[in-house]
Amino acid sequence: MAQQAGVSPATVSRVINGLVGYTDATRQRVEGAIAKLNYEPDSLARTLKTRQTSVIGLLAPMVSDALASEVMRGVEDAARERGYAVMLGRTGVKSTFIAGYLRTLRTYRAAGVILISAVITPEMRQLLGPAIPIISVAISDNSGSPSVAINDELAAYDATRYLLKLGHRRIGLLAGDPLSIFVAKPRQRGYERAMNEAGCATVTAAGTFFYESGASGLAQLLQQDPGLTAIFAMSDEMGAAVVNELQKLGRRVPEDVSVLGFDNTSTSQHVHPALSTIAQPLEDMGQIAVRKILRSRDLGPRVVQHRLVKRGSTGPPRPGS
C-alpha cells in the first residue's frame, strides 16, 4: 500500500484514520492506491488498538428530506474511503429518540456522531461520554460548539439583496419552522435587514421547510399582499411548492412572480422553471464532518461558503408592478 502510493506506512495510517500531517495531494495518492488495491482496513485490529469500533453514527432529526440525503451522501462517501461504516438514525423531533440512539452508539463505542440540523446539547454530551466526539452539520449555535455550517443570516441577506437588485420591492418570505431558532431565525434576520436597508416592507409566513407547507405558506403571503412580485423560500422544497402553486393560480414564474429557494438540493432542478437558490455545499459539509470527528483535535466550528445559483425562476419584475 505505502509503496503503491509512494509514501511511508505511517502516512498511509494517518490518511486511513483521518489524522493530520499530510497534504491533499498525498491524501489523493493514498486514496487512489486504496481504490486500486481494493484495500480494506482491519477493523478488528483498529478496534483493539483504539477501543473504538469502525462505526460513525449519523442522526437526522426532522429536516428537509432532500437536505438530509445530500449530507448523508457526503458522510457515507468519506466514511467508506476510510474504512468506516455509517449507522443511520432517523430521530424525528422527539429528544427521547435521539437519547436512545446516543446510548446505543456509546455501547458500540462509535468513532463519532454526526447530527444533521440539530444542535449539540449538554445532555447529548453526557449520554455519549467524553471519549466519543460529536459534531453538527448544517446548523450552528454560534457558541463555539463543533459544527460545519454556512452563515445563515448572511446567506439570507445575500438572497434578498439579489432580488432587490433585480428591481423587486414587494418580496415575501416563506420562513421555516419558527421553533428553528438556529436556522429559521437567522435567515429571517438576514431578509429583514436587507428589506429594511432598502426601505421595503417585510411580508412573512411560517412554514416547516417541507414541500407540504409551500401551498399554505403561499396563501398566507398573498393574503397579506396580493401584489408580491417575488417570494424567498427558506428551503428548495417549499420553493418548488410555491412555483407549482403559483402556476395553478395562473401566475407565471418568473414573469409575474419570481421565486428563490435555499439549499440547492436536487429538488431545485425538479421543478419548471428550475429554481434559483442559495447553495449550501451539503455533500462537502458531510465529508468535512467525518474528517473532523476522526481527527478529534479539530472539532471547532467550521463556517463554509454559500453561493447564489441563478436559474429560470427569478427575473426582474414587470414594469409598473
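Are Asp-152 and Arg-187 buried or exposed? Both residues are buried in this predicted model, and their side chains are joined by a salt bridge with an N to O distance of 2.8 Å. Asp-152 belongs to helix H8 (residues 152-165) and Arg-187 to helix H9 (residues 184-197), so the contact ties together parts that lie 35 residues apart in sequence.

**Salt bridges in the model**

In total, the structure holds twelve salt bridges. Among them are the three pairs tabulated here.

| Pair | N to O distance |
|---|---|
| Arg-73 and Glu-70 | 3.2 Å |
| Asp-152 and Arg-187 | 2.8 Å |
| Arg-252 and Asp-256 | 3.3 Å |

**A pair within one helix**

Arg-73 and Glu-70 are both located in helix H5 (residues 65-81), where they are separated by three residues, about one turn of the helix. Glu-70 has a relative accessible area of 13% and is therefore buried, the limit being under 20%. Arg-73, in contrast, is partly exposed, with a relative accessible area of 38%.

**Arg-252 and Asp-256**

The salt bridge between Arg-252 and Asp-256 spans 3.3 Å from N to O. Arg-252 counts as partly exposed, at 46% relative accessibility. Asp-256 has a relative accessible area of 19% and is buried, because this value is under 20%.

Beyond these pairs, Glu-153, Arg-189, Arg-193 and Glu-197 are joined into one network by salt bridges that share partners.

Key: Residues are numbered from 1 along each chain as its sequence is written. This is a predicted model: local features need pLDDT of at least 70, side-chain atom pairs count only at pLDDT 80 or more; totals for chains, interfaces and linings use all residues. Side-chain values use heavy atoms; hydrogens and water are left out. A salt bridge is a side-chain nitrogen of Lys or Arg within 4 Å of a carboxyl oxygen of Asp or Glu. Helices (H or I, at least four residues) and strands (E, at least two) are DSSP runs, numbered from the N terminus. Buried means under 20% relative accessible area, exposed over 50%, partly exposed in between (1.4 Å probe, protein chains only).
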